[in-house]
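Work through the following exercises with the sequence and the 3D structure at hand. Each task is followed by a solution in steps.

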Amino acid sequence: MYRFLLTPRWWGINVFAVLAIPFCIFMGSWQLSRFEDRVDTHQQQEDRSARARTAAARPLERLLPVDKVTSGRQASARGHYDPGHQLLVPGRTLKDKHGERQGFYVLNLLRTDGGKALPVVRGWLPGDAGAKADTAKVPAPPKGEVTVTGALQASENQGTDGVQAGGGLAPGQLGMISAASLVNIVPYEVYDAWITLTDAQAPLRAVPPAAAEGSGLDLKAFQNLGYTGEWFVFAGFVVFMWFRLFRRDTEAAKDAALGIVVGVEGEGREQGQGQGQGQGQGSGVVASPGEDGSGRDEGSGDGQGKAARAGKV
């Protein structure tokens, strides 16, 4: 009954199923492990951020370059602010007791003793960076040599929340905090990092550090979880289709063993009906006494010939 499994068609189906099912399970397990890694990394990042708030600040140079370990750590730098290059970063959201509020960052460049400039976010203000009434509340940066302390952050990119990389900003505004966006604004070198001050000057509010890229439960993490479900669904679909095809061919083999051949019996019946109709039509033409009289003439002529031959004899 199951000899159909040895046909070339079923050899192909079986080989495909044997290869596809383990592959789908492997890919689903790999995507699940990626999601679990992101969850673990997110937890580790939160633990590091909690420790960084109470840890002593370290010199900036010892924490560069910024990575998942040093992101959020307390860094300190010494220098003086450049009063001619104060920039406002519009479209930034900050959470407080009233919920999420729209505002802007106040960014100044600290000229360090090493010569490079460090972007420093001095704080956040609610309102519109293009409105004079809101920007008038921005306090002037401290004068002279200062030491700043804050959470170290990596340069932003186009995928960072709040970034406006499309341009079209007014003079004195900055859409993305990065060395690449500042290189054409200031005439000196800039660190490929920035810090957000722990203690903001009133009325500014301190900007909390963001999690390092790739370490939080972002959209990519939940994409991994979604892909996990998809791969396991694909494996189940392959199993379902194999059993469906197997059941169909098994039922066909049982019908053939009982002499029930779907399609062949109906074809023979149609052929038989066609032959019967053809024979009936042919016999009717021969047996009927010629509707046009030809049959009657042939019979009478034949009888007269036989009678004439009998008289001569």
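## Salt bridges and a strand pair

Glu251 has a relative accessible area of 40%, which makes this residue partly exposed. The model in which the exercises are set is a predicted one.

**Exercise 1.** Find the salt-bridge partner of Glu251 and state how the two residues are placed in helix α5.

Step 1. The side chain of Glu251 forms a salt bridge with that of Arg247, at 3.4 Å from N to O.
Step 2. Both residues lie in helix α5, which covers residues 219-257, and because they are four residues apart, about one helical turn separates them.
Step 3. Arg247 has a relative accessible area of 58% and is therefore exposed, the limit being over 50%. Glu251, at 40%, falls in the partly exposed class.

**Exercise 2.** Which side chain meets Arg92 in a salt bridge, and are Arg92 and Glu156 buried or exposed?

Step 1. Arg92 pairs with Glu156, with an N to O distance of 2.9 Å.
Step 2. This pair connects distant parts of the chain, 64 residues apart: Arg92 belongs to strand β3 (residues 87-96), while Glu156 sits in the loop between β6 (145-154) and α4 (179-182).
Step 3. Buried means under 20% relative accessible area. Arg92 is at 3% and counts as buried; Glu156, at 10%, is buried too.

**Exercise 3.** Describe the surroundings of strand β3 and its pairing with β4.

Step 1. Of the 10 residues of β3, seven are buried, so the strand is largely enclosed by the rest of the structure.
Step 2. Strand β4 (residues 99-112) runs antiparallel to β3, and nine bridges join the two.
Step 3. The connection between β3 and β4 is a hairpin of two residues.
Step 4. To locate one position in the pairing, take Leu94, which stands opposite Arg101 in β4.

**Exercise 4.** Starting from the salt bridge between Asp249 and Arg248, determine which residues belong to the network.

Step 1. The side chains of Asp249 and Arg248 meet at 3.5 Å, N to O.
Step 2. Asp249 has a relative accessible area of 14% and is buried, whereas Arg248, at 46%, is partly exposed.
Step 3. Shared partners join Arg9, Arg248 and Asp249 into one network of salt bridges.

**Exercise 5.** How many salt bridges does a search of the whole structure find?

Step 1. The search finds six. Among them are Arg92 with Glu156, Arg247 with Glu251 and Asp249 with Arg248.

Methods:
Residues numbered from 1 in each chain as written. Predicted model: local features only at pLDDT ≥ 70, side-chain atom pairs only at ≥ 80, totals over all residues. Heavy atoms only, no water. Salt bridge = Lys/Arg side-chain N within 4 Å of Asp/Glu carboxyl O. Buried < 20%, exposed > 50% of the residue type's maximum accessible area, 1.4 Å probe, protein only. Pairing = 2+ DSSP bridges.
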